[in-house]
Amino acid sequence: MPAVSKGDGMRGLAVFISDIRNCKSKEAEIKRINKELANIRSKFKGDKALDGYSKKKYVCKLLFIFLLGHDIDFGHMEAVNLLSSNKYTEKQIGYLFISVLVNSNSELIRLINNAIKNDLSSRNPTFMCLALHCIANVGSREMAEAFAGEIPRILVAGDTMDSVKQSAALCLLRLYKTSPDLVLMGEWTSRVVHLLNDQHMGVVTAAISLITCLSQKNPDEFKTCVSLAVSRLSRIVSSASTDLQDYTYYFVPAPWLSCKLLRLLQCYPPPEDGAVKGRLVECLETILNKAQEPPKSKKVQHSNAKNAILFEAISLIIHYDSEPNLLVRACNQLGQFLQHRETNLRYLALESMCTLASSEFSHEAVKTHIETVINALKTERDVSVRQRAADLLYAMCDRSNAKQIVAEMLSYLETADYSIREEMVLKVAILAEKYAVDYSWYVDTILNLIRIAGDYVSEEVWYRVIQIVINRDDVQGYAAKTVFEALQAPACHENMVKVGGYILGEFGNLIAGDPRSSPLVQFNLLHSKFHLCSVPTRALLLSAYIKFINLFPETKSTIQEVLRSDSQIRNSDVELQQRAVEYLKLSSIASTDVLATVLEEMPPFPERESSILAKLKKKKGPGAVSVNELEEGKREGGELNGGGERGGDNSAIATSNASTPSPSADLLGLRAGPPVTAAAPSAGSLLVDVFSEAGVNDDGFLSSAPPSVVSEDPAPPLPESNELLNKFVCKNNGVLFENQLLQIGIKSEYRQNLGRMYLFYGNKTSVQFVTFSTTVTCPGELQSQLNVQSKPVEPLIEGGAQVQQVINIECLTDFSDAPLLNIKFRYGGALQNLTLKLPVTINKFFQPTEMASHDFFQRWKQLSLPQQEAQKIFKANHAMDTEVLKAKLLGLGMALLENVDPNPENFVCAGVIQTKAQQVGSLLRLEPKRASSDVPINRAQQ
Amino acid sequence: MIGGLFIYNHKGEVLISRVYRDDIGRNAVDAFRVNVIHARQQVRSPVTNIARTSFFHVKRSNIWLAAVTKQNVNAAMVFEFLYKMCDVMAAYFGKISEENIKNNFVLIYELLDEILDFGYPQNSETGALKTFITQQGIKSQHHTKEEQSQITSQVTGQIGWRREGIKYRRNELFLDVLESVNLLMSPQGQVLSAHVSGRVVMKSYLSGMPECKFGMNDKIVIDKQGKGGTTDDSGKSGKQSIAIDDCTFHQCVRLSKFDSERSISFIPPDGDYELMRYRTTKDIILPFRVIPLVREVGRTKLEVKVVIKSNFKPSLLAQKIEVRIPTPLNTSGVQVICMKGKAKYKASENAIVWKIKRMAGMKESQISAEIELLPTNDKKKWARPPISMNFEVPFAPSGLKVRYLKVFEPKLNYSDHDVIKWVRYIGRSGIYETRC
């Protein structure tokens, strides 16, 4: 690069910049800039041509003003002129201006591209480099379009200078990244790959970045680079530190190139060729060996360069995951770094070890460092390093060391940094569950967890404990005992109260034998926490109380007393008040048998993926887990918690039918009504209330499943199904039905008297639907009018999946009703049953008919009998739009006849209804009256 | 309840920091600097909420005054206080500049102690403050006991703004009516919006505790009198009276009397003070009419012709007339010809500035300019900002007239006639713009 001579130092620019810097205020600066802009404008406008020097100077000033944040809307032309200068400094400033300030102005872009083309084809390497840098800096699509073909040629040409090759490789990389479709390597591929063999190390370094990027996109084309890379690597690794001269950095030969080579190799599986592989293994061994050698310099740059190569090599070893020997050596090397005094090294070592731990070969080797890692977790000063240590502990945990690791993590949790607590809690919970040998240990661990870090224990964690306790008979007694003890602490976390309330409510009887934990003691203990809890917890406790009444009849009076107190029965919170009222009445009215059925022990939960795991995934990577899983976590929680209530509610319905004379029709009628206040609870309405809870209190704490009537008989059609039907009169495709669980899409086609309908059942949840079945029925006389055949559908729909069902329809004769579609399936154990009307209407079998004007009216007049004609005048609900009307009429299936009716405002249609028995021709006339917006419709039928 | 008060220079360095309440920490100082003074985007709202703390600021030249509070205060009160604070400082050491504040920082702290107590504004009357906070530190210690007790009784008494026992050989009184007229006019000469904001500023050197009564041609008062008097008189005086839209008074004015009789009576403070402020929007006399003519000749040339007409009595002289004609941002050269005064293209302000020293009423003058433009790449059109004008005229554009100012001092033996009274009207331009 030519040195800037003294004379080129632009004095005017320097003065201007120092003026700006000396400005006392923003206003003064703006004034100075305005003045300068006016000066430049008058100079550019001036009649006499400016010499290159002043042009450069003014363009520089403009650039400076632009970089200060002001708009520049002139001077582009002058900058483009500079591009054609022969002086390096002028050209450089011109390119600088262009790459900073270019906008897609068509005429200028053409000029710029021309100048760049000239420079690219010049023999001057500095000019070529400037042009390439400009292309890369702008990197726009236009640039790619113009030069993507040119640059590979420069890159591989034999006579190109090395420095230009470097620039060309990097420029191409940039263009490839912005618009990969325009950069077609095709014919150049092999020659680009052979750049790895170039004499000049700089060219290789630049080319390898390009090759890495390209080979990530299409690995097969660049496969040949592996052997070249390996040989290049081995040459560098085995070279003495002085061999590479310029490319030796603090006694390390070409560290950047080595790292890039290793990274390139990570794009490919281990080489199949034995010789290549042997050579590579040798290289990796050499790198590992070198790490052991005493450092050649005390400088930090030396060790940084060396370690960078080492870590890349280890990543490659982990990537291959096939050389046990190397893996173990790498692990040992990392083990050494774990105690290094350099924090960054410790961090990197922990991070790499995390990946090592997942390899079967090195898992054991990693485990040997457990003490060091635990120590790191405890003593490390940097929180990010501690986080890595926790990750590693999690990764290295297995059945053999789970107890130790969980214990360590628990003890660390007490002092852990707030930012990582929640994640730690989740990890502990998962490990405890995953590697639990006996479940009493698991229960202990989780309760400890809640005790230590209650605030960070998310809902999922305690839901999971309860699921496990309920599903395992052997721990229930122990769990009851432990929570009872835990609750005796003077201050315990609300989550603990929740777990306690739930478990004692279910299994309190298992420890009731002990006089120290007699039913009354249990109740008093729980109730002592009641007032400190939030509303949802209180609601849960109330449910626990009613369960107590069932478990221990002797507590009945005490609990009724509590429920009856004003703070419960007149609580301002509707949920609590309702529960209190309902439970009080339930306990005083129902017989013990009924109570026992209503408040039966919870059935085991279906086994499924731990929701905690899903939560951790979500925390770790936002992309890794879909929203569905997230929702699942929530739903699961809701279900788990609401399960007890639901069991109770459903049984209560049964009781109401059996024991009280309250008519069930009323029951349904009141269902949707507002929650009844506690003022006048008569026996009849109470049970209605109990029933309505499932429907009204959909607060997530209770069941979030739709409140459908659960029975094996087909449910009556949904009230909105008629409306759904109307939607499809004029169209054939769309969404027929949708709720929280299920979406039904429809696609249908009709020809003559035959029709085929595709129904798509989409499972919107992440839980599978089982025993999924559908039936299509034709009620009443429709049976003789329509022939419907449906193919069976698969009984199982996976979460998020969609299944298709084909229904064939044949129209026998004209009909007016619609066939019914009944769908039954089990979602999470609960039977879902719904019935819809299939959108099959008579107009679907219309065949459009074209006819001329006189033909139409002749036929129209023929249809004069009263039963042959129907006329209806109705008010349009919406403003009438001709296009919309046309579309609707066409959707109806008839042909829209143009130029038939003398009044252009009217619409006239004709069609033939095709049934198996007969063909019915029909004519239609729609006369919109704008003034009154009445639409009389004349329709004649033959 | 102001929690604290900070004064910054333009760089955001703190010059004065006075904290009145414990809920305001030192970090509030930095919060304001970071979020307002050094904000990436210019903060335009005078009230900024940062971390549940409210900052109220006003800017005087390069100086930022910020009042801070964590409570829900009356924002209008805070701003009134800040403006008052500016007035007080200006009365003590003139222009509010960084240098003046640095030179007087002891005084400012002393003032802040006096005018705010635990965040509640106290007496901010310059005249009263000057009696006990003086700039001659040593002299002030020679207050006699008598004087000190007088100060106490004044500050705590009913009339906090005037002390007793003032004596002048010559009882003199100066009254200035200062108005600024704001206008936005369409190119065709249609008034789009116009209003006058005026102030009545007084300087009184009167002995004892005089009772003053100020009268002007307020429409309501005149109409009331007209009703009482003859009918033909009301038509005549109604033309001369003005409708005041809103007004505010100095604390010395008895508001109860104004409310009931609409008479302005007061015991004046000694020295300078602002008696009232008002605003009118009807029947405004526009002293100048600007007639612009802009012609675009192709893409590279612009011809501008501006005529100004003075619209008041020929015997009066307007002064300091300045017309500012904005030029496009791509101006590369300007030629100006004007009949009167001097005109110059100021590149740093992107405008042609035409100055005329004096101009009598009912005259007109003209400027024409040729502006050369540099063709630019972007297609956006020049927005044509309005032509603005500055001037000073010796009458009140609102039409306000002082009818009387009576002084009664029952205890001392001077009467209304013995007081020498001076009245002056000055009309200035506020934002006086004409679109072109």
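# A walk through a two-chain model

Let's start with chain A, which has 41 helices and 16 strands. Keep in mind as you look around that this is a predicted model. Chain A runs to 942 residues, and 51% of them count as buried. Its accessible surface adds up to about 44,400 Å², with carbon and sulfur atoms holding 52% of that area. What about contacts along the chain? If you take the contacts in chain A with a separation of 6 or more, 68% of them are between residues 24 or more positions apart.

Now turn to chain B. Here you'll find nine helices and 23 strands. Of the 436 residues in chain B, 45% are buried. Chain B exposes about 23,300 Å², and carbon and sulfur atoms supply 50% of that. For contacts in chain B with a separation of 6 or more, 70% come from residues 24 or more positions apart.

With the two chains introduced, let's zoom in on a few helices of chain A. A good one to begin with is α10(A), which covers residues 162-178. How far apart should the ends of this helix be? At 1.5 Å a residue, its 17 residues should span 24 Å, and the end C-alpha atoms sit 25 Å apart, so the two values agree. Quite a few residues of α10(A) are buried, including V164(A), A168(A), L172(A) and Y176(A). Which parts of the chain do those buried residues pack against? Their partners are α7 (125-138), α8 (141-147), α9 (150-156) and α12 of chain A.

That last helix, α12, is worth a stop of its own. It takes in residues 201-217 of chain A, and S215(A) is found there. Is S215(A) buried or exposed? With a relative accessible area of just 1%, S215(A) is buried, because anything under 20% counts that way. Set aside its neighbours within four places in sequence, and S215(A) is in contact with F222(A), L264(A), C267(A) and Y268(A).

Further along the chain comes α32(A), made up of residues 574-589. This helix has 16 residues and reaches 22 Å from its first C-alpha to its last, close to the 22 Å expected at 1.5 Å a residue. How much of α32(A) is buried? Twelve of its 16 residues are, so the helix is largely enclosed by the rest of the structure. Among the buried ones are L576(A), A580(A), Y583(A) and L586(A). Take a look at the start of the helix too: a side-chain oxygen of D573(A) comes to within 3.0 Å of the backbone nitrogen of E575(A).

E575(A) has another partner as well. Its side chain meets that of R579(A) in a salt bridge, with N and O 2.6 Å apart. Where do these two sit relative to each other? They are four residues apart in α32(A), so about one helical turn separates them. As for burial, E575(A) has 11% relative accessibility and so counts as buried. R579(A) is buried too, since its relative accessible area is 0%.

Salt bridges turn up elsewhere as well, and the count over all chains comes to 42. One of them joins K547(A) to E506(A), whose closest N and O atoms are 2.6 Å apart. This pair links distant parts of the chain: K547(A) belongs to helix α29 (residues 535-551), E506(A) belongs to helix α27 (residues 494-507), and the two are 41 residues apart. Both K547(A) and E506(A) are buried.

Chain B offers an example of its own. There, the side chains of E172(B) and R170(B) form a salt bridge, at 3.1 Å from N to O. E172(B) has a relative accessible area of 13%, so E172(B) is buried. Back in chain A, salt bridges with shared partners tie D19(A), R32(A), E36(A) and K61(A) into one network.

Let's finish on the outside. Which residues make up a nonpolar patch on the surface? L67(A), L96(A) and V100(A) do, and together they have about 260 Å² of accessible area. One of them, L96(A), lies in helix α5 (residues 88-101) of chain A. L96(A) counts as partly exposed because its relative accessibility is 41%, and that label is for values between 20% and 50%.

Technical notes:
Residues are numbered from 1 along each chain as its sequence is written. Chains are lettered from A and ligands numbered from 1 in the order in which they are written. This is a predicted model: local features need pLDDT of at least 70, side-chain atom pairs count only at pLDDT 80 or more; totals for chains, interfaces and linings use all residues. Side-chain values use heavy atoms; hydrogens and water are left out. A salt bridge is a side-chain nitrogen of Lys or Arg within 4 Å of a carboxyl oxygen of Asp or Glu. Buried means under 20% relative accessible area, exposed over 50%, partly exposed in between (1.4 Å probe, protein chains only). Patches are made of residues with over 30% relative accessible area and no salt bridge: like charges are joined within 9 Å, nonpolar side chains (Val, Leu, Ile, Met, Phe, Trp, Tyr) within 5 Å. Accessible areas come from the Shrake-Rupley method with a 1.4 Å probe; for residues, only the protein chains shown count as cover. The expected span of a helix is 1.5 Å times one less than its number of residues. A polar contact is a pair of N or O atoms within 3.5 Å; within protein, one must be able to donate a hydrogen and the other to accept it, and residues adjacent in sequence count only if both atoms are side-chain atoms. Contact means heavy atoms within 4.5 Å.
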